[in-house]
Amino acid sequence: MSDERPSLGPPIELLAMEHIPARPFTDPALIGSHRAAMTSLVSDLCHLVESGGWTWVSDDEFPERLIVTRHATNRLARHIAVVGFFGRRRAGIDQSVVASVERLNTAMIEAFEEFPAMLAYASRRMADEVNFGNLVLLTDSSDIARWAGHEVHAVAVAELSPRFYDSVTIYNGLLPRGLTAPEQLALTRAKYWDFRVAPPWHAQRSLEA
């Protein structure tokens, strides 16, 4: 998953500390824990490469993944664009939808090799044991929109995300020194979607300050 959604008109601009109680996923207190999760994933990706590996996948029903693509060669210590994805699954999802999501995840991973800007991908189960945090690393922020337009990603956005998630939070950011300095992760923007309403509610907040 990346950071684009079907056009819904201009998003609502949230203030730095604004929290909408009816939409708890907008609570700015979550930003710190999400950043910590992303930093941990970057660190683990770095350790994977340092150990001579390129892929690690757990063997449970909903696998966690760490993947560094061949395009990352000689770029791991350079400026990297970051997209973080945190979705809250709907309750009682039909298993056919779950299976479709897993098939699409596999298809997206297979598409990485044909997309030179894709450097790494990570997915990990969160503390609630239900939801996952996902991380995508690309060569430059301009590549984010290009990946969002990829056919397999467009299907995920338009057809599956609204059926699989109640809400989604997506972060844009950067790693000025790449995987070698995960603690320097800087988040620049948070984007929010609420799929419990039609059309979906959409907002964003600047984090650059």
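**Salt bridges around R124 and R90**

Colleague: How does D44 count for exposure?

Modeller: D44 counts as partly exposed, because its relative accessibility is 23%. Buried is under 20% relative accessible area, exposed is over 50%, and partly exposed is in between (1.4 Å probe, protein chains only). This is a predicted model: local features need pLDDT of at least 70, side-chain atom pairs count only at pLDDT 80 or more, and totals for chains, interfaces and linings use all residues. Residues are numbered from 1 along each chain as its sequence is written, and side-chain values use heavy atoms, with hydrogens and water left out.

Colleague: Which side chain does D44 meet in a salt bridge?

Modeller: R124, at 2.6 Å, N to O. D44 sits in helix α1 and R124 in strand β5 (residues 118-125), so this pair links distant parts of the chain, 80 residues apart. A salt bridge here puts a side-chain nitrogen of Lys or Arg within 4 Å of a carboxyl oxygen of Asp or Glu. Helices (H or I, at least four residues) and strands (E, at least two) are DSSP runs, numbered from the N terminus.

Colleague: And R124, buried or exposed?

Modeller: In between: R124 is partly exposed, at 22%.

Colleague: Which residue forms a salt bridge with R124 at 3.8 Å?

Modeller: E64. It lies in the loop between β2 (55-57) and β3 (65-68), so the pair ties together parts 60 residues apart in sequence. E64 counts as buried, at 18%.

Colleague: New topic. What does R90 meet?

Modeller: The side chain of D166, in a salt bridge of 3.2 Å, N to O. D166 is in strand β7 and R90 in the loop between β4 and α2 (95-111), 76 residues apart in sequence. R90 is partly exposed, at 24%.

Colleague: Which residues do shared partners join into one network?

Modeller: R23, D194 and R196.

Colleague: How many salt bridges does the structure hold?

Modeller: Seven.
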